[in-house]
Amino acid sequence: MSRGCAGLLSLCVLAASIGGTGCGAYVVDGGLYPLPTIHLIVALPSSVGLAYEDVRLSAGNGQPMYAWFIPASNARATVVVHHGALVNRSSGLTYASLFHDLDCNVFLYDYQGFGESWSLATLDTLLPDADVALAYIQARDQPNAPPVILFGASLGTLPTFAQAARSPVGVAAVVAEGSCVPQDLPTNTLFYLGLNPGPEAFLNVPHYLDPDVNVPLITLPKLFIHSRGDTTTPFAGAQQLYAEAVEPKEFQEVPGDHLQAVSVDSQHYRAIWAEFLDDVLGGQAP
């Protein structure tokens with residue numbers, strides 16, 4: 001760890017010890033790791049030409065959660081985005097533009113402790129928060145709501161798999177990019193997850209988020225997207241989860257590092273999504 005990072009970590013530990021949560025952090029079994037980027041809203045949907053609705057949700061423990069609903073005309077699906085560990089919903093605007101162009105509504109939300117929410121971020125609330133987001137979409141525009149596509153990126157694949165394992169009402173398919181097997185993550189990624197990087201670190205991930213347990217239970221159509229050059233969530237972990245998954249399933253290899261394919265190979269990435277949506281929803285993608 002660099003001297004600067006070590007200093008930031010020390011400051012955050014001090015802040016937490018006196019009750020402060022201002023720098024944002026994951027807490028797992030008393031371990032603390034700062035994630036200052038989780039509160040930085042880098043852009044609004046309007047900055048990429050997308051009309052949107054501000055949505056405020058309430059987590060199960062009463063903490064606020066913030067979201068954007070981006071509607072598409074005659075939407076054939078709604079993509080619910082479960083984002084990764086070091087970002088918030090504003091990092092998903094490139095994805096949102098793509099999904100919107102493919103005639104899908106997009107729901108970008110933040111777990112509690114992310115974005116404008118300054119409560120403490122914990123791994124224990126990831127799945128309950130994801131369930132709040134999905135429940136909002138399931139209840140919206142009923143009874144004529146379009147089917148839902150669950151999209152998990154990096155850390156967001158864990159609640160995505162956990163939700164999909166229950167075969168939730170209205171969900172048509174699952175897409176996971178940057179998926180991982182926690183026990184095989186490199187040390188730097190364990191830091192991102194808020195875990196102390198030791199041999200037992202992966203045991204701190206709540207059991208109900210274990211992808212080895214959840215992925216074999218998912219009977220919905222599944223698309224795994226991963227780069228062989230990913231240095232954050234190793235390619236082998238995604239291959240392992242794909243092997244554990246039951247049909248129908250599909251694996252698409254993309255270029256770049258972690259979650260970079262949507263930017264570095266946008267045409268190929270778009271084609272992957274367009275074909276998958278066409279297969280799952282029927283009809284021809286625009």
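Where is the place of Asp103 in this predicted model? Asp103 sits in the loop between α2 and β6, and the sections below set that loop among the strands, helices and contacts around it.

## The sheet

In this predicted model, eight strands form an open sheet with mixed pairing, in the order β3-β4-β6-β5-β8-β9-β10-β11. The edges are taken by β3 (53–58) and β11 (249–254), each of which has a single partner strand, so one side of each is left without a neighbour in the sheet. On average, and with direction ignored, neighbouring strands of this sheet are turned by 20° against each other.

Strands β5 (residues 77–82) and β6 (residues 104–109) run parallel and are joined by five bridges; Val81 has Leu108 as its bridge partner in β6.

## Helices on the sheet

Helix α2 (residues 93–101) packs on the sheet, where it touches β4 (64–70), β5, β6, β8 (148–153) and β9 (171–177), and its direction makes about 160° with that of β6. Helix α7 (residues 235–244) lies across β10 (222–227) and β11, running at about 165° to β11.

## The largest pocket

The largest pocket has a volume of about 440 Å³, and its lining consists of 27 residues, of which Gly84, Val87, Ser154, His258 and Leu259 lie nearest its centre. Helix α2, which packs on the sheet, supplies at least two residues of this lining, as do α5 (187–192) and α8 (261–264). Divided by class, the lining comprises 14 nonpolar, 12 polar and one charged residues.

## Salt bridges

Side chains of opposite charge can pair when their charged atoms come close. Six salt bridges are found in a search of the whole structure, and one of the pairs is that of Asp110 with Arg89, whose closest N and O atoms are 2.7 Å apart. Asp110 belongs to the loop between β6 and β7 (121–122), whereas Arg89 belongs to the loop between β5 and α2, so the pair ties together parts that are 21 residues apart in sequence.

## Backbone exceptions

Most residues other than glycine have a negative phi, and most peptide bonds are trans. Asp103 is not a glycine, yet has a positive phi of about 65°, and its place is the loop between α2 and β6.

Two peptide bonds are also of interest here. The bond that joins Gln142 and Pro143 is cis, with omega about 5°, and Pro143 is found in the loop between α3 (126–139) and β8. The bond from Glu247 to Pro248 is likewise cis, with omega near -5°, and Pro248 has its place in the loop between α7 and β11, the latter being one of the two edge strands of the sheet.

Technical notes:
Residues are numbered from 1 along each chain as its sequence is written. This is a predicted model: local features need pLDDT of at least 70, side-chain atom pairs count only at pLDDT 80 or more; totals for chains, interfaces and linings use all residues. Side-chain values use heavy atoms; hydrogens and water are left out. Two strands pair if DSSP finds at least two bridges between them. Helices (H or I, at least four residues) and strands (E, at least two) are DSSP runs, numbered from the N terminus. Axes are lines fitted to C-alpha atoms, for helices over the stretch in contact, and angles run from 0 to 180 degrees between N-to-C directions. Contact means heavy atoms within 4.5 Å. On a 1 Å grid over the protein atoms alone, a cavity is a set of points where a 1.4 Å probe fits but cannot get out, and a pocket is an open set with protein on both sides within 12 Å along at least five of seven lines; lining residues have an atom within 4 Å of a point. Grid points are joined across faces, edges and corners, and a volume is the space filled by probe spheres set on the points. Ala, Val, Leu, Ile, Met, Phe, Trp, Tyr, Cys and Pro count as nonpolar, Asp, Glu, Lys and Arg as charged, and the others, Gly among them, as polar. A salt bridge is a side-chain nitrogen of Lys or Arg within 4 Å of a carboxyl oxygen of Asp or Glu.
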